[in-house]
Amino acid sequence: MTFKKINLFLSGVLVIILFFTLPANNRWLFSKILDSGNDFAMQMNHMDPEDRKLSRYGFSYMIYMNAIKRITVHENAIILLPPNDYLTEVLHVTKFVSPEPAVFYYYTGINAVWANSPDAGRANWEIVVHSDSSIILKKVMNRRHFDSIVGVYKHYIR
């Protein structure tokens with residue numbers, strides 16, 4: 001009986017070792033689990049939830065959080081998000097990614113819509129992207145201008 005247990009244990013260890021010798025699994029192991037930048041001492045120095053979110057979500061999270069600082073009343077704010085196809089095809093923006101409205105709400109706690117959403121007309125803020133380094137949040141003042149932007153965005157939503 002002991003001989004069977006030892007053989008089963010050794011065969012299990014061999015399967016795990018063979019699993020992690022595959023190139024894709026090996027890359028994952030060394031980038032996610034055995035990463036030297038992911039050490040315990042570094043994580044103990046960065047316990048703040050905002051620091052952790054910034055390191056996990058990166059550039060886009062930082063942009064969203066900086067953008068919403070302009071909003072004074074969060075309860076009534078609804079933000080119009082530009083479509084990613086518009087950003088890449090027309091503006092040639094590569095670093096900034098426009099998230100889904102649910103992801104934007106998860107990051108910031110503020111409602112967001114796309115141009116093809118039934119609630120797009122209720123949006124009172126819009127994210128205006130000029131380039132990778134020029135991203136601003138603007139209050140909607142002129143409804144005709146806003147409707148024309150929604151019309152342009154609708155052509156790029158697939």
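**Figure 1. Aromatic cluster of the predicted model.** In this predicted model, a cluster held together by ring pairs comprises Tyr-57, Tyr-61, Tyr-64, Phe-96, Phe-104, Tyr-106 and Tyr-107. Within the structure as a whole, the number of aromatic pairs is 12. The rings of Tyr-57 and Tyr-61 have centres 5.8 Å apart and planes at 50°, so this pair is classed as tilted. Its two members differ in exposure class: Tyr-57 is partly exposed at 23% relative accessibility, whereas Tyr-61 is buried at 2%.

**Figure 2. The ring pair of Phe-20 and Trp-28.** A pair of aromatic rings is characterised by the distance between the centres and the angle between the planes. For Phe-20 and Trp-28, the centres lie 6.4 Å apart and the planes meet at 10°; the pair is therefore stacked, planes under 30 degrees apart being the criterion. Both rings belong to partly exposed residues, with a relative accessible area of 22% for Phe-20 and 43% for Trp-28.

**Figure 3. The largest nonpolar core.** This core contains 21 residues, and those with the most contacts inside it are Ile-71, Ile-79, Phe-96, Phe-104 and Ile-127. At least two core residues come from each of α5 (59-67), α7 (101-108), β3 (125-131) and β4 (134-139). The largest contribution is that of α5, which supplies four residues. Two of the residues with the most contacts in the core, Phe-96 and Phe-104, also belong to the aromatic cluster.

**Figure 4. Surroundings of Ile-127.** When neighbours within four places in sequence are set aside, the contacts of Ile-127 include the aliphatic residues Ile-79, Leu-80 and Leu-81. Pro-82 is also in contact with Ile-127, as are the aromatic residues Phe-96, Phe-104 and Tyr-153. The remaining partners are Ile-135, Ile-136 and Leu-137. Separate from the largest core is another one of 11 residues, including Val-113, Ala-123, Val-140 and Val-150.

**Figure 5. The salt bridge between Asp-119 and Arg-122.** Side chains of opposite charge can pair when their charged atoms come close. In this structure one salt bridge is counted; it joins Asp-119 to Arg-122, with the closest N and O atoms 3.8 Å apart. Because the criterion places the side-chain nitrogen within 4 Å of a carboxyl oxygen, the distance of 3.8 Å qualifies. Asp-119 is partly exposed, its relative accessible area being 34%, while Arg-122 is exposed at 54%. Arg-122 occupies the loop between β2 (111-113) and β3. Although Arg-122 and Ile-79 are separated by 43 residues in sequence, their C-alpha atoms are 8.9 Å apart in space.

**Figure 6. His-92 and its backbone conformation.** Most residues other than glycine have a negative phi. His-92, which is not a glycine, has a positive phi of about 55°. The residue is situated in the loop between α6 (84-89) and α7. With a relative accessibility of 60%, His-92 is classed as exposed.

**Figure 7. Ile-149 in helix α8.** Helix α8 spans residues 143-154 and contains Ile-149. This isoleucine is buried, with 13% relative accessibility. Beyond its neighbours within four places in sequence, Ile-149 is in contact with Leu-80 and Glu-126. Ile-149 and Glu-126 lie 23 residues apart in sequence, and their C-alpha atoms are 9.7 Å apart. Leu-80 also appears among the contacts of Ile-127.

**Figure 8. The whole chain as context for the close-up views.** Eight helices and four strands make up the secondary structure of the chain, arranged along the sequence as α-α-α-α-α-β-α-α-β-β-β-α. The C-alpha trace spans about 80 × 35 × 30 Å along its principal axes. The radius of gyration of the chain is 23 Å, whereas a compact globule of 158 residues would have a value near 15 Å. Of the 158 residues, 28% are buried. Among contacts with a separation of 6 or more, 61% are between residues 24 or more positions apart. The chain has an accessible surface of about 11000 Å², and carbon and sulfur atoms account for 61% of that area.

Methods:
Residues numbered from 1 in each chain as written. Predicted model: local features only at pLDDT ≥ 70, side-chain atom pairs only at ≥ 80, totals over all residues. Heavy atoms only, no water. Buried < 20%, exposed > 50% of the residue type's maximum accessible area, 1.4 Å probe, protein only. Core = buried A, V, L, I, M, F, W, Y, C linked by side-chain atoms within 4.5 Å. Contact = heavy atoms within 4.5 Å. Phe/Tyr/Trp six-rings, centres within 6.5 Å; stacked < 30°, edge-to-face > 60°. Rg over C-alpha atoms; globule rule 2.2 N^0.38 Å. Areas by Shrake-Rupley, 256 points an atom, 1.4 Å probe, with all protein chains shown as cover.
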